[in-house]
Every structure is written in C-alpha cells, then in structure tokens.
Amino acid sequence: MELKLSLPQQALTLLEGKDMIKFQFLYNSLQNFPSCHAGTIIQLQSGEYLAAFYAGTHEGHEDVAIFLSRKSSLSASWSEPILLINTPGKPEGNPVLWVNSQSRISLFYVTQQRHGWDYVLMYDIFSEDDGHT
C-alpha cells in the first residue's frame, strides 16, 4: 500500500531541492493488535531511527501495549515491532521518546489505572545503548 501526500503548489515550491519527509508504515499488521496510536520517533547520532507507539484492540482496552521499532539509515524498511511495555490488565498510552545531549534515550508513557484517562501513572524508562536495552 502506498500513501500519497497532496501538497499545495506553494508548499512544493518551498520544499524544492530540500530533503523530503518520507511517509512509510512501520509495520503491515500486528497479530491481535488492530489499532495503533500516538507514534513518536527520534533519530540517534548514528542516523538510526527509533519509533514507539501503542497498539491493542482499541484505545483503553486492557491489552493495549507499547511497541518499539527501529530503522537503520541503510535499511529501506522498519524492523518488526517488539513488545516493550505491557502491564497485565492495564492499558498503556501516549509514549514519548526523547534523547538528551549525552545520547541517553528516555521513553515517557502512562499506564491507566482505571477506565479512561482520569487516573494514570506516568513512567520514564531509559536506555544508554541506543535503545537496545
């Protein structure tokens, strides 16, 4: 499936000769996870990209988990998403990736404690090896 972007002529003129944004799916399908939301992406010093998102039956369902995928600068496609965060019986949400000036990667996310977004716990996990651990 190809995603096409339609831009007004003024925008195309401004972008002429500049690096273009590439639109690409991170994955074709995740078994038992038909819905995904809230993607976040960072570029590492190596040129590699990391992307995180949450996916599950639907937003707020107890099976919603956070996944991570990576793409090297030499690859045309993203790695298969790996399950990163999955609190049993509680939906995860709103992942945000951030890398600081010392290349430490943080992933901020929330876990719903009740139905809806009225009560969540916020977490920050980190990696100092480009997201491998």
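Beyond the neighbours within four places in sequence, Val99 is in contact with Ile42, Gln43, Arg104 and Ile105. The model in which these contacts occur is a predicted one. Val99 belongs to strand E5, which covers residues 92-99. With a relative accessible area of 28%, Val99 is partly exposed, because this value falls between the limits of 20% for buried and 50% for exposed residues. A further pair involving this position is Val99 and Glu128, whose C-alpha atoms are 9.7 Å apart in space at a separation of 29 residues in sequence.

The protein chain as a whole contains one helix and seven strands. Read from the N terminus, the order of elements is α-β-β-β-β-β-β-β. The chain has 133 residues, of which 30% count as buried. Contacts between residues at least 6 apart in sequence were also examined by separation: 36% of them join residues at least 24 apart.

Four of the strands form an open sheet, with the order E1-E2-E3-E4 and antiparallel pairing. Strand E1 (35-43) and strand E4 (82-85) each have a single partner strand and stand at the edges, so each has one side without a neighbour in the sheet. On average, and with direction ignored, neighbouring strands of this sheet are turned by 30° against each other.

Within the sheet, strand E3 comprises residues 65-71 and is joined to E4 by three bridges, the two strands running antiparallel. One residue pair can be named at this junction: Ile66 has Ile85, in E4, as its bridge partner.

Strand E3 also includes Lys71. The side chain of Lys71 is of interest with regard to its charge. Lys71 is buried but has no salt bridge. The nearest side chain of opposite charge is that of Glu48, at a distance of 9.8 Å. This pair does not qualify as a salt bridge, because the definition requires a side-chain nitrogen of Lys or Arg within 4 Å of a carboxyl oxygen of Asp or Glu. A polar atom of the Lys71 side chain does, however, lie 2.8 Å from the backbone oxygen of Ser75.

Two positions have thus been described with respect to burial. Lys71, in strand E3, is buried, whereas Val99, in strand E5, is partly exposed.

Note on methods
Residues numbered from 1 in each chain as written. Predicted model: local features only at pLDDT ≥ 70, side-chain atom pairs only at ≥ 80, totals over all residues. Heavy atoms only, no water. Pairing = 2+ DSSP bridges. Axes fitted to C-alpha atoms, helices over the stretch in contact; angles between N-to-C directions. Buried < 20%, exposed > 50% of the residue type's maximum accessible area, 1.4 Å probe, protein only. Lys, Arg positive; Asp, Glu negative; His and termini not counted. Polar contact = N/O pair within 3.5 Å; in protein donor to acceptor, adjacent residues only side chain to side chain. Contact = heavy atoms within 4.5 Å.
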